[in-house]
Amino acid sequence: MSKAIKKVMAEFLDEEAKKNKDIVVLCSDSRGSGGLGDYAQAHSDQFVEVGIAEQNLVGISAGLASAGKRPFAVSPASFLSTRSMEQAKVDVAYSHNNVKLIGISGGVSYGALGMTHHSATDIATMGSIPGLRIYFPSDQYLTKALMKELVQDDNPAYIRIGRNAVEDVYDDGKLDFSMDKAVTVKDGGDLTIIACGEMVYEAKKAAEKLEAEGKSIRVLDMYCLKPLDKEAVLKAAHETKGILTVEEHCPYGGLGAMVAQLTAADKPVMVHSLTLPDAPVVTGESADIFHYYGLDADGIAMAAREML
Amino acid sequence: MDLQAKAIDIRKDIVTMIQRAGTGHIGGDLSVTDILVDLYYKQMNISPEQLDDPDRDRFVLSKGHCVEALYAILADKGFFPKDELVTYAKYQSKFIGHPNNKIPGIEVNSGSLGHGLSVGVGMALAARMEKRPYRTYVVMGDGECDEGSVWEAAMAGYQYKLDNLTAFVDRNRLQISGTTEQVMAQDSAEERWAAFGWNVISISGNDMQAIDDAVDLAKHTKGKPTVIIANTTKGKGVSFIENQVAWHHKVPTAAQAEAAIAELNERKAVL
(Lines give C-alpha, C1' and ligand atoms only; values in the text may rest on other atoms or scores of the structure.)
Protein backbone atom coordinates (compact mmCIF):
# COMPACT_ATOMS: atom_id res chain seq x y z
CA MET A 1 0.00 0.00 0.00
CA SER A 2 1.06 3.53 -0.57
CA LYS A 3 -0.45 6.89 0.28
CA ALA A 4 0.64 10.51 -0.02
CA ILE A 5 1.33 11.89 3.42
CA LYS A 6 -0.36 15.16 2.50
CA LYS A 7 -3.59 13.20 2.08
CA VAL A 8 -3.15 11.71 5.54
CA MET A 9 -2.52 15.20 6.88
CA ALA A 10 -5.58 16.68 5.15
CA GLU A 11 -7.85 13.89 6.40
CA PHE A 12 -6.46 14.27 9.89
CA LEU A 13 -6.98 18.04 9.96
CA ASP A 14 -10.52 17.60 8.64
CA GLU A 15 -11.36 15.21 11.47
CA GLU A 16 -9.71 17.35 14.13
CA ALA A 17 -11.35 20.56 12.91
CA LYS A 18 -14.75 18.93 13.37
CA LYS A 19 -13.91 18.14 16.97
CA ASN A 20 -12.00 21.26 17.94
CA LYS A 21 -13.01 24.76 16.88
CA ASP A 22 -9.55 26.08 17.81
CA ILE A 23 -7.94 24.24 14.90
CA VAL A 24 -7.16 26.73 12.13
CA VAL A 25 -5.40 25.86 8.87
CA LEU A 26 -3.57 28.64 7.04
CA CYS A 27 -2.26 28.43 3.48
CA SER A 28 -0.15 30.69 1.28
CA ASP A 29 -2.00 30.00 -1.98
CA SER A 30 -0.98 26.42 -1.26
CA ARG A 31 -4.28 24.68 -0.52
CA GLY A 32 -4.05 22.74 -3.77
CA SER A 33 -0.49 21.56 -3.20
CA GLY A 34 -1.42 20.70 0.35
CA GLY A 35 -4.50 18.71 -0.69
CA LEU A 36 -6.56 21.07 1.46
CA GLY A 37 -9.10 22.29 -1.07
CA ASP A 38 -11.86 20.19 0.50
CA TYR A 39 -10.84 21.29 3.99
CA ALA A 40 -11.02 24.95 2.98
CA GLN A 41 -14.56 24.45 1.70
CA ALA A 42 -15.78 22.33 4.56
CA HIS A 43 -14.23 24.46 7.30
CA SER A 44 -14.24 27.96 5.84
CA ASP A 45 -14.49 29.43 9.35
CA GLN A 46 -11.35 27.53 10.37
CA PHE A 47 -9.29 28.34 7.31
CA VAL A 48 -7.25 31.45 6.50
CA GLU A 49 -5.79 32.18 3.08
CA VAL A 50 -2.92 34.66 3.19
CA GLY A 51 -1.90 34.63 -0.46
CA ILE A 52 1.65 34.16 -1.66
CA ALA A 53 3.19 35.62 1.48
CA GLU A 54 4.98 33.12 3.69
CA GLN A 55 6.25 35.68 6.20
CA ASN A 56 2.70 36.85 6.72
CA LEU A 57 1.50 33.23 6.90
CA VAL A 58 3.73 32.50 9.87
CA GLY A 59 3.23 35.88 11.56
CA ILE A 60 -0.56 35.62 11.38
CA SER A 61 -0.36 32.04 12.64
CA ALA A 62 1.65 33.25 15.64
CA GLY A 63 -0.95 35.92 16.38
CA LEU A 64 -3.74 33.35 16.24
CA ALA A 65 -1.81 31.03 18.55
CA SER A 66 -1.10 33.87 20.95
CA ALA A 67 -4.87 34.33 21.23
CA GLY A 68 -5.46 30.66 21.98
CA LYS A 69 -5.98 29.12 18.55
CA ARG A 70 -4.16 26.01 17.30
CA PRO A 71 -2.89 27.02 13.87
CA PHE A 72 -1.39 24.73 11.24
CA ALA A 73 0.52 26.82 8.69
CA VAL A 74 0.76 24.77 5.51
CA SER A 75 3.16 25.93 2.80
CA PRO A 76 5.83 24.44 0.53
CA ALA A 77 8.77 23.45 2.71
CA SER A 78 11.18 25.26 0.41
CA PHE A 79 9.60 28.63 1.19
CA LEU A 80 8.40 27.93 4.72
CA SER A 81 11.86 26.94 5.93
CA THR A 82 13.72 29.86 4.40
CA ARG A 83 11.48 32.78 3.38
CA SER A 84 9.65 32.75 6.70
CA MET A 85 12.46 31.39 8.83
CA GLU A 86 12.70 34.61 10.81
CA GLN A 87 8.99 34.57 11.62
CA ALA A 88 9.44 30.95 12.74
CA LYS A 89 12.34 32.04 14.92
CA VAL A 90 10.85 35.21 16.43
CA ASP A 91 7.07 34.99 16.31
CA VAL A 92 6.69 31.23 16.77
CA ALA A 93 9.63 29.77 18.69
CA TYR A 94 11.02 32.76 20.60
CA SER A 95 7.60 34.06 21.55
CA HIS A 96 6.56 30.46 22.25
CA ASN A 97 3.42 30.42 20.15
CA ASN A 98 1.93 27.01 19.46
CA VAL A 99 2.10 26.98 15.68
CA LYS A 100 2.57 23.77 13.76
CA LEU A 101 4.53 24.59 10.60
CA ILE A 102 3.75 22.00 7.94
CA GLY A 103 6.30 22.03 5.14
CA ILE A 104 4.66 20.31 2.17
CA SER A 105 6.26 19.07 -1.07
CA GLY A 106 9.46 18.77 0.95
CA GLY A 107 12.96 17.75 -0.05
CA VAL A 108 13.17 17.24 -3.81
CA SER A 109 9.46 16.43 -4.22
CA TYR A 110 9.18 19.13 -6.84
CA GLY A 111 11.91 17.32 -8.80
CA ALA A 112 12.37 19.13 -12.08
CA LEU A 113 11.26 22.52 -10.75
CA GLY A 114 14.78 23.22 -9.55
CA MET A 115 16.54 24.43 -6.46
CA THR A 116 14.06 27.26 -5.76
CA HIS A 117 11.46 24.60 -4.98
CA HIS A 118 13.67 22.14 -3.12
CA SER A 119 14.01 22.14 0.66
CA ALA A 120 17.30 20.40 1.25
CA THR A 121 18.39 22.58 4.15
CA ASP A 122 15.39 22.53 6.46
CA ILE A 123 16.76 20.29 9.20
CA ALA A 124 19.71 22.67 9.43
CA THR A 125 17.74 25.92 9.25
CA MET A 126 14.64 25.13 11.26
CA GLY A 127 16.51 22.80 13.60
CA SER A 128 18.87 25.58 14.58
CA ILE A 129 16.00 27.61 16.05
CA PRO A 130 15.83 27.22 19.84
CA GLY A 131 12.54 25.69 20.91
CA LEU A 132 11.43 24.47 17.51
CA ARG A 133 10.99 20.70 17.16
CA ILE A 134 11.59 19.00 13.81
CA TYR A 135 9.74 15.95 12.49
CA PHE A 136 10.06 14.06 9.19
CA PRO A 137 7.41 11.32 9.20
CA SER A 138 8.00 8.32 6.96
CA ASP A 139 4.64 6.86 5.97
CA GLN A 140 0.91 7.22 6.43
CA TYR A 141 0.76 5.36 9.74
CA LEU A 142 3.62 7.17 11.36
CA THR A 143 2.24 10.51 10.18
CA LYS A 144 -1.12 9.83 11.78
CA ALA A 145 0.42 8.67 15.05
CA LEU A 146 2.68 11.72 15.15
CA MET A 147 -0.10 14.17 14.35
CA LYS A 148 -2.30 12.72 17.09
CA GLU A 149 0.41 13.74 19.55
CA LEU A 150 1.20 17.11 17.99
CA VAL A 151 -2.40 18.26 17.79
CA GLN A 152 -2.69 17.96 21.53
CA ASP A 153 0.55 19.49 22.71
CA ASP A 154 1.23 23.17 23.29
CA ASN A 155 4.65 23.56 21.70
CA PRO A 156 5.62 24.67 18.21
CA ALA A 157 7.02 22.26 15.64
CA TYR A 158 8.09 22.05 12.01
CA ILE A 159 6.90 18.96 10.14
CA ARG A 160 8.23 18.22 6.67
CA ILE A 161 6.26 15.95 4.36
CA GLY A 162 6.71 14.95 0.73
CA ARG A 163 4.46 15.39 -2.25
CA ASN A 164 4.40 11.92 -3.67
CA ALA A 165 2.71 8.75 -2.56
CA VAL A 166 5.03 6.84 -0.25
CA GLU A 167 5.04 3.10 0.28
CA ASP A 168 4.03 1.88 3.71
CA VAL A 169 6.95 1.24 6.01
CA TYR A 170 4.67 -0.27 8.60
CA ASP A 171 2.77 -3.01 6.77
CA ASP A 172 -0.81 -3.27 7.92
CA GLY A 173 -0.20 -0.35 10.22
CA LYS A 174 1.93 -2.39 12.61
CA LEU A 175 3.67 0.50 14.29
CA ASP A 176 4.91 0.70 17.84
CA PHE A 177 4.89 4.48 18.26
CA SER A 178 6.15 6.43 21.21
CA MET A 179 6.55 10.20 20.91
CA ASP A 180 10.12 11.37 20.30
CA LYS A 181 11.44 7.80 20.26
CA ALA A 182 12.88 6.38 17.05
CA VAL A 183 10.90 3.42 15.75
CA THR A 184 12.84 0.21 15.23
CA VAL A 185 11.70 -0.87 11.77
CA LYS A 186 13.98 -3.89 11.86
CA ASP A 187 16.34 -5.13 14.52
CA GLY A 188 19.80 -6.38 13.72
CA GLY A 189 23.34 -6.55 15.00
CA ASP A 190 25.79 -5.99 12.15
CA LEU A 191 25.02 -2.44 11.11
CA THR A 192 22.42 0.24 11.86
CA ILE A 193 20.78 2.33 9.18
CA ILE A 194 19.17 5.47 10.58
CA ALA A 195 16.84 7.23 8.17
CA CYS A 196 14.16 9.89 8.20
CA GLY A 197 11.18 10.80 6.04
CA GLU A 198 10.85 9.07 2.69
CA MET A 199 14.30 7.52 3.10
CA VAL A 200 13.01 5.10 5.74
CA TYR A 201 11.23 2.93 3.17
CA GLU A 202 14.36 2.82 1.01
CA ALA A 203 16.44 1.91 4.06
CA LYS A 204 14.05 -0.89 4.90
CA LYS A 205 14.28 -2.27 1.37
CA ALA A 206 18.06 -2.03 1.49
CA ALA A 207 18.11 -3.95 4.77
CA GLU A 208 15.98 -6.68 3.20
CA LYS A 209 18.49 -7.02 0.37
CA LEU A 210 21.36 -7.25 2.83
CA GLU A 211 19.53 -9.77 4.97
CA ALA A 212 19.15 -11.97 1.89
CA GLU A 213 22.94 -11.85 1.77
CA GLY A 214 23.16 -13.05 5.36
CA LYS A 215 23.68 -9.70 7.11
CA SER A 216 21.79 -8.55 10.17
CA ILE A 217 20.72 -4.92 9.78
CA ARG A 218 18.98 -2.62 12.23
CA VAL A 219 16.80 0.09 10.71
CA LEU A 220 15.71 3.06 12.80
CA ASP A 221 12.99 5.49 11.69
CA MET A 222 14.31 8.76 13.13
CA TYR A 223 11.21 10.82 12.38
CA CYS A 224 12.07 12.91 15.45
CA LEU A 225 15.10 14.91 14.34
CA LYS A 226 14.71 17.36 17.16
CA PRO A 227 14.62 16.21 19.82
CA LEU A 228 16.80 13.46 18.37
CA ASP A 229 16.36 10.09 20.06
CA LYS A 230 19.88 10.04 21.46
CA GLU A 231 19.31 6.85 23.40
CA ALA A 232 18.49 4.90 20.24
CA VAL A 233 21.55 6.31 18.45
CA LEU A 234 23.92 5.46 21.29
CA LYS A 235 22.39 2.01 21.69
CA ALA A 236 23.08 1.41 18.00
CA ALA A 237 26.61 2.71 18.45
CA HIS A 238 27.19 0.25 21.28
CA GLU A 239 25.46 -2.76 19.78
CA THR A 240 26.28 -2.62 16.07
CA LYS A 241 29.49 -2.15 14.12
CA GLY A 242 28.63 1.12 12.47
CA ILE A 243 25.89 3.56 11.56
CA LEU A 244 24.75 4.55 8.08
CA THR A 245 22.49 7.60 7.99
CA VAL A 246 20.19 8.39 5.08
CA GLU A 247 18.40 11.68 4.56
CA GLU A 248 16.79 13.77 1.82
CA HIS A 249 18.83 16.77 2.94
CA CYS A 250 22.13 18.49 2.27
CA PRO A 251 25.31 17.19 3.97
CA TYR A 252 25.37 19.93 6.58
CA GLY A 253 23.40 20.22 9.79
CA GLY A 254 21.17 17.23 9.13
CA LEU A 255 20.65 13.73 10.48
CA GLY A 256 24.13 12.49 9.62
CA ALA A 257 25.79 15.49 11.20
CA MET A 258 23.77 15.11 14.39
CA VAL A 259 24.45 11.38 14.66
CA ALA A 260 28.17 11.91 14.05
CA GLN A 261 28.33 14.71 16.62
CA LEU A 262 26.56 12.62 19.23
CA THR A 263 28.51 9.43 18.69
CA ALA A 264 31.87 11.25 18.46
CA ALA A 265 31.29 12.60 21.95
CA ASP A 266 29.80 9.56 23.66
CA LYS A 267 30.64 6.40 21.72
CA PRO A 268 32.89 6.81 18.70
CA VAL A 269 31.76 4.50 15.93
CA MET A 270 32.04 4.52 12.16
CA VAL A 271 29.34 6.82 10.77
CA HIS A 272 28.74 7.22 7.06
CA SER A 273 26.11 9.60 5.75
CA LEU A 274 24.12 9.43 2.54
CA THR A 275 22.74 12.84 1.64
CA LEU A 276 21.84 15.10 -1.21
CA PRO A 277 24.86 17.01 -2.52
CA ASP A 278 26.04 20.48 -1.52
CA ALA A 279 24.89 21.66 -4.93
CA PRO A 280 21.72 22.01 -7.00
CA VAL A 281 20.51 18.48 -7.70
CA VAL A 282 20.21 16.83 -11.10
CA THR A 283 16.95 17.33 -12.96
CA GLY A 284 14.44 14.55 -12.55
CA GLU A 285 11.60 13.10 -10.51
CA SER A 286 12.24 12.29 -6.85
CA ALA A 287 12.99 8.66 -7.62
CA ASP A 288 15.51 9.64 -10.31
CA ILE A 289 17.23 12.03 -7.94
CA PHE A 290 17.35 9.46 -5.13
CA HIS A 291 18.85 6.93 -7.54
CA TYR A 292 21.45 9.38 -8.86
CA TYR A 293 22.76 10.18 -5.39
CA GLY A 294 22.57 6.66 -4.05
CA LEU A 295 19.62 7.37 -1.80
CA ASP A 296 17.51 4.47 -3.09
CA ALA A 297 17.54 0.91 -1.77
CA ASP A 298 20.35 -0.16 -4.14
CA GLY A 299 22.52 2.82 -3.25
CA ILE A 300 21.95 2.39 0.46
CA ALA A 301 22.73 -1.34 0.25
CA MET A 302 25.91 -0.61 -1.67
CA ALA A 303 27.07 1.91 0.95
CA ALA A 304 26.23 -0.55 3.72
CA ARG A 305 28.24 -3.34 2.07
CA GLU A 306 31.26 -1.05 1.99
CA MET A 307 30.92 -0.45 5.70
CA LEU A 308 30.47 -4.12 6.60
CA MET B 1 -5.64 61.66 34.91
CA ASP B 2 -3.56 64.34 33.25
CA LEU B 3 -2.13 62.33 30.37
CA GLN B 4 0.26 65.07 29.31
CA ALA B 5 1.81 65.16 32.77
CA LYS B 6 1.98 61.35 32.76
CA ALA B 7 3.76 61.43 29.41
CA ILE B 8 6.37 63.78 30.83
CA ASP B 9 6.93 61.53 33.85
CA ILE B 10 7.34 58.54 31.52
CA ARG B 11 9.86 60.49 29.44
CA LYS B 12 11.86 61.19 32.61
CA ASP B 13 11.85 57.48 33.44
CA ILE B 14 13.06 56.69 29.91
CA VAL B 15 15.95 59.13 30.13
CA THR B 16 16.94 57.78 33.54
CA MET B 17 16.71 54.15 32.43
CA ILE B 18 18.84 54.67 29.33
CA GLN B 19 21.45 56.80 31.05
CA ARG B 20 21.78 54.28 33.88
CA ALA B 21 22.02 51.25 31.57
CA GLY B 22 24.19 52.91 28.96
CA THR B 23 21.97 51.68 26.14
CA GLY B 24 18.58 52.33 24.57
CA HIS B 25 16.77 53.97 21.68
CA ILE B 26 16.02 57.33 23.18
CA GLY B 27 14.89 59.19 20.05
CA GLY B 28 12.11 56.77 19.14
CA ASP B 29 11.15 56.23 22.78
CA LEU B 30 10.47 59.93 23.14
CA SER B 31 8.55 60.20 19.87
CA VAL B 32 6.23 57.27 20.66
CA THR B 33 5.60 58.08 24.33
CA ASP B 34 2.35 60.02 23.84
CA ILE B 35 0.84 57.23 21.74
CA LEU B 36 1.66 54.63 24.38
CA VAL B 37 0.40 56.82 27.22
CA ASP B 38 -2.97 57.37 25.53
CA LEU B 39 -3.32 53.65 24.81
CA TYR B 40 -2.25 52.39 28.22
CA TYR B 41 -3.83 55.02 30.47
CA LYS B 42 -6.97 55.84 28.49
CA GLN B 43 -7.93 53.60 25.63
CA MET B 44 -6.90 49.99 26.11
CA ASN B 45 -8.64 47.47 28.30
CA ILE B 46 -5.43 46.16 29.85
CA SER B 47 -4.31 45.89 33.47
CA PRO B 48 -2.05 43.70 35.59
CA GLU B 49 -5.18 41.91 36.87
CA GLN B 50 -6.17 40.89 33.34
CA LEU B 51 -3.08 39.10 32.12
CA ASP B 52 -5.10 35.99 31.25
CA ASP B 53 -8.39 37.71 30.45
CA PRO B 54 -9.33 36.47 26.95
CA ASP B 55 -11.12 39.78 26.36
CA ARG B 56 -8.16 42.01 27.16
CA ASP B 57 -7.07 44.30 24.37
CA ARG B 58 -3.91 43.14 22.62
CA PHE B 59 -0.88 45.35 22.13
CA VAL B 60 2.17 44.69 19.94
CA LEU B 61 5.14 47.06 19.97
CA SER B 62 6.38 46.20 16.50
CA LYS B 63 9.07 48.91 16.71
CA GLY B 64 10.49 46.84 19.53
CA HIS B 65 13.66 48.88 19.95
CA CYS B 66 11.55 51.49 21.75
CA VAL B 67 10.94 49.08 24.59
CA GLU B 68 12.20 51.50 27.25
CA ALA B 69 9.02 53.56 26.82
CA LEU B 70 6.92 50.42 27.20
CA TYR B 71 8.87 49.23 30.27
CA ALA B 72 8.42 52.62 31.94
CA ILE B 73 4.65 52.46 31.40
CA LEU B 74 4.22 48.82 32.42
CA ALA B 75 6.21 49.48 35.61
CA ASP B 76 4.16 52.57 36.39
CA LYS B 77 0.94 50.63 35.86
CA GLY B 78 2.10 47.88 38.23
CA PHE B 79 2.69 45.02 35.81
CA PHE B 80 5.94 44.48 37.75
CA PRO B 81 7.72 46.35 40.56
CA LYS B 82 9.29 49.52 39.26
CA ASP B 83 12.59 48.80 41.01
CA GLU B 84 13.09 45.78 38.74
CA LEU B 85 13.87 48.23 35.98
CA VAL B 86 17.25 48.96 37.53
CA THR B 87 18.30 45.62 36.02
CA TYR B 88 17.45 46.80 32.51
CA ALA B 89 20.12 45.52 30.08
CA LYS B 90 22.18 44.16 32.97
CA TYR B 91 23.70 40.68 33.17
CA GLN B 92 20.96 38.01 33.34
CA SER B 93 18.10 40.53 33.44
CA LYS B 94 14.83 39.65 31.72
CA PHE B 95 14.58 43.33 30.81
CA ILE B 96 16.40 43.16 27.49
CA GLY B 97 16.58 45.80 24.80
CA HIS B 98 13.47 44.57 22.99
CA PRO B 99 10.08 43.31 24.20
CA ASN B 100 10.26 39.99 26.01
CA ASN B 101 7.07 38.13 26.78
CA LYS B 102 8.53 36.63 29.90
CA ILE B 103 7.68 40.05 31.35
CA PRO B 104 4.07 40.45 32.51
CA GLY B 105 2.08 42.60 30.10
CA ILE B 106 4.10 41.81 26.99
CA GLU B 107 2.22 39.57 24.58
CA VAL B 108 4.88 38.71 22.01
CA ASN B 109 8.58 39.20 21.45
CA SER B 110 9.58 41.71 18.84
CA GLY B 111 12.70 43.51 17.75
CA SER B 112 13.14 42.39 14.20
CA LEU B 113 11.15 44.98 12.29
CA GLY B 114 8.18 44.19 10.10
CA HIS B 115 6.77 41.34 12.19
CA GLY B 116 4.21 42.97 14.46
CA LEU B 117 1.46 43.80 12.02
CA SER B 118 1.15 40.18 10.84
CA VAL B 119 0.95 39.03 14.45
CA GLY B 120 -1.67 41.71 15.09
CA VAL B 121 -3.68 40.50 12.09
CA GLY B 122 -3.66 37.02 13.63
CA MET B 123 -4.82 38.35 17.00
CA ALA B 124 -7.60 40.34 15.34
CA LEU B 125 -8.70 37.32 13.28
CA ALA B 126 -8.82 35.23 16.46
CA ALA B 127 -11.08 37.84 18.10
CA ARG B 128 -13.46 37.62 15.17
CA MET B 129 -13.43 33.81 15.12
CA GLU B 130 -14.16 33.67 18.84
CA LYS B 131 -16.58 36.60 18.77
CA ARG B 132 -14.58 38.44 21.38
CA PRO B 133 -14.82 42.20 21.78
CA TYR B 134 -11.14 42.97 22.25
CA ARG B 135 -9.24 45.27 19.92
CA THR B 136 -5.68 44.82 18.72
CA TYR B 137 -3.19 47.70 18.57
CA VAL B 138 0.12 47.55 16.71
CA VAL B 139 2.69 50.33 16.86
CA MET B 140 5.23 50.51 14.04
CA GLY B 141 7.99 52.91 13.13
CA ASP B 142 8.14 54.74 9.83
CA GLY B 143 11.56 53.31 9.00
CA GLU B 144 10.04 49.91 9.76
CA CYS B 145 7.74 50.36 6.76
CA ASP B 146 10.80 49.72 4.56
CA GLU B 147 10.15 46.05 5.39
CA GLY B 148 8.09 44.27 2.73
CA SER B 149 6.39 42.08 5.31
CA VAL B 150 4.56 45.17 6.64
CA TRP B 151 2.75 45.38 3.33
CA GLU B 152 1.92 41.67 3.27
CA ALA B 153 0.17 42.23 6.58
CA ALA B 154 -1.48 45.42 5.29
CA MET B 155 -2.99 43.41 2.45
CA ALA B 156 -4.33 40.80 4.85
CA GLY B 157 -5.83 43.45 7.16
CA TYR B 158 -7.77 44.83 4.23
CA GLN B 159 -8.67 41.41 2.81
CA TYR B 160 -10.24 40.34 6.10
CA LYS B 161 -11.81 43.76 6.80
CA LEU B 162 -10.29 43.83 10.27
CA ASP B 163 -12.02 46.82 11.81
CA ASN B 164 -10.94 45.53 15.24
CA LEU B 165 -7.32 46.29 14.34
CA THR B 166 -5.68 49.70 14.76
CA ALA B 167 -2.11 50.30 13.64
CA PHE B 168 0.07 53.30 14.35
CA VAL B 169 3.00 54.51 12.29
CA ASP B 170 5.27 56.65 14.44
CA ARG B 171 6.12 59.03 11.61
CA ASN B 172 9.09 60.84 13.12
CA ARG B 173 10.75 61.00 9.71
CA LEU B 174 14.16 59.82 10.96
CA GLN B 175 15.83 56.45 10.96
CA ILE B 176 19.29 55.32 11.94
CA SER B 177 21.09 56.46 8.79
CA GLY B 178 19.26 59.70 8.08
CA THR B 179 15.84 60.98 7.17
CA THR B 180 13.34 58.44 5.95
CA GLU B 181 13.17 60.31 2.66
CA GLN B 182 16.94 59.98 2.22
CA VAL B 183 17.09 56.33 3.20
CA MET B 184 13.91 54.98 1.59
CA ALA B 185 11.14 57.41 0.91
CA GLN B 186 7.87 56.95 2.79
CA ASP B 187 5.94 59.96 1.48
CA SER B 188 3.11 59.90 1.14
CA ALA B 189 2.58 57.36 3.88
CA GLU B 190 -1.08 58.34 3.95
CA GLU B 191 -1.58 57.64 0.25
CA ARG B 192 0.26 54.34 0.47
CA TRP B 193 -1.90 53.00 3.29
CA ALA B 194 -5.05 54.33 1.64
CA ALA B 195 -4.06 52.54 -1.56
CA PHE B 196 -3.85 49.33 0.48
CA GLY B 197 -7.48 49.86 1.51
CA TRP B 198 -6.98 51.06 5.07
CA ASN B 199 -8.84 53.82 6.85
CA VAL B 200 -6.10 56.42 7.27
CA ILE B 201 -6.06 59.07 9.97
CA SER B 202 -3.15 61.49 9.89
CA ILE B 203 -2.54 63.43 13.08
CA SER B 204 -0.04 65.44 15.01
CA GLY B 205 1.39 62.46 16.83
CA ASN B 206 2.59 64.16 20.00
CA ASP B 207 -0.80 65.82 20.56
CA MET B 208 -2.53 63.72 23.21
CA GLN B 209 -6.03 64.87 22.30
CA ALA B 210 -5.43 64.20 18.61
CA ILE B 211 -4.19 60.69 19.41
CA ASP B 212 -7.19 60.00 21.61
CA ASP B 213 -9.65 61.29 19.04
CA ALA B 214 -8.03 59.19 16.32
CA VAL B 215 -8.26 56.01 18.42
CA ASP B 216 -11.93 56.75 19.06
CA LEU B 217 -12.51 57.30 15.36
CA ALA B 218 -10.82 54.01 14.56
CA LYS B 219 -13.12 52.20 17.00
CA HIS B 220 -16.12 53.53 15.15
CA THR B 221 -14.82 52.74 11.67
CA LYS B 222 -16.44 49.63 10.29
CA GLY B 223 -15.39 47.28 7.51
CA LYS B 224 -11.71 48.14 7.34
CA PRO B 225 -8.67 48.42 9.59
CA THR B 226 -7.37 51.82 10.62
CA VAL B 227 -3.85 53.14 10.49
CA ILE B 228 -3.03 56.28 12.40
CA ILE B 229 -0.11 58.10 10.82
CA ALA B 230 1.24 59.86 13.86
CA ASN B 231 3.44 62.74 12.72
CA THR B 232 5.78 62.96 15.65
CA THR B 233 9.06 64.57 16.60
CA LYS B 234 11.89 62.14 17.27
CA GLY B 235 13.30 62.93 20.71
CA LYS B 236 10.16 64.89 21.64
CA GLY B 237 10.38 66.84 24.87
CA VAL B 238 14.14 67.26 25.13
CA SER B 239 15.25 70.10 22.89
CA PHE B 240 18.82 68.96 22.29
CA ILE B 241 17.62 65.47 21.31
CA GLU B 242 14.71 66.53 19.12
CA ASN B 243 15.04 65.88 15.40
CA GLN B 244 18.68 64.79 15.62
CA VAL B 245 19.57 61.68 13.63
CA ALA B 246 22.48 61.04 15.97
CA TRP B 247 20.11 60.56 18.91
CA HIS B 248 18.56 57.40 17.43
CA HIS B 249 20.34 55.38 20.08
CA LYS B 250 22.86 57.74 21.57
CA VAL B 251 23.17 57.52 25.35
CA PRO B 252 23.04 60.74 27.37
CA THR B 253 25.84 61.50 29.76
CA ALA B 254 24.90 62.06 33.39
CA ALA B 255 24.99 65.82 32.79
CA GLN B 256 22.86 65.52 29.65
CA ALA B 257 20.35 63.34 31.47
CA GLU B 258 20.18 65.89 34.25
CA ALA B 259 19.58 68.67 31.72
CA ALA B 260 16.94 66.59 29.95
CA ILE B 261 15.06 65.93 33.19
CA ALA B 262 15.29 69.59 34.17
CA GLU B 263 13.75 70.56 30.84
CA LEU B 264 11.00 67.96 31.21
CA ASN B 265 10.27 69.30 34.70
CA GLU B 266 9.98 72.79 33.28
CA ARG B 267 7.57 71.55 30.61
CA LYS B 268 5.48 69.84 33.26
CA ALA B 269 5.37 72.99 35.39
CA VAL B 270 3.77 75.01 32.60
CA LEU B 271 1.13 72.46 31.58
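User: What percentage of the 271 residues of chain B count as buried?
Analyst: This is a predicted model. A residue is called buried here if 20 or more other C-beta atoms lie within 10 Å of its own. Across the 271 residues of chain B, the share that counts as buried is 52%.

User: What radius of gyration does chain B have, set against a compact globule with 271 residues?
Analyst: The C-alpha atoms of chain B occupy a box of roughly 50 × 45 × 35 Å along the principal axes. For 271 residues, a compact globule would come out near 18 Å, so the value for chain B agrees with that expectation: 17 Å.

User: How many helices and strands make up the secondary structure of chain B?
Analyst: The mean pLDDT of chain B is 97, and 100% of its residues reach 70 or more. The secondary structure of chain B amounts to nine helices and seven strands.

User: Which element gives the largest share of the side of chain B that touches chain A?
Analyst: The contact draws 22 residues from chain B and 23 residues from chain A. On the chain B side, at least two residues each come from α4 (116–130) and α5 (148–159). The largest share, ten residues, belongs to α4(B).

User: How many nonpolar, polar and charged residues does the side of chain B that touches chain A have?
Analyst: That side holds 22 residues of chain B. Sorted by class, they are twelve nonpolar, eight polar and two charged.

User: What ipTM does the predictor give the complex?
Analyst: Two scores are given for the complex by the predictor. The pTM is 0.97, and the ipTM is 0.97.

Notes: Residues are numbered from 1 along each chain as its sequence is written. Chains are lettered from A and ligands numbered from 1 in the order in which they are written. This is a predicted model: local features need pLDDT of at least 70, side-chain atom pairs count only at pLDDT 80 or more; totals for chains, interfaces and linings use all residues. Two residues are in contact if their C-beta atoms, placed from the backbone, lie within 7 Å. Helices (H or I, at least four residues) and strands (E, at least two) are DSSP runs, numbered from the N terminus. Ala, Val, Leu, Ile, Met, Phe, Trp, Tyr, Cys and Pro count as nonpolar, Asp, Glu, Lys and Arg as charged, and the others, Gly among them, as polar. pLDDT is the predictor's confidence in each residue, from 0 to 100. The radius of gyration is taken over C-alpha atoms; the globule rule is 2.2 Å times the number of residues to the power 0.38. A residue is buried if 20 or more other C-beta atoms lie within 10 Å of its own, exposed if 12 or fewer, and partly exposed in between; C-beta atoms are placed from the backbone.
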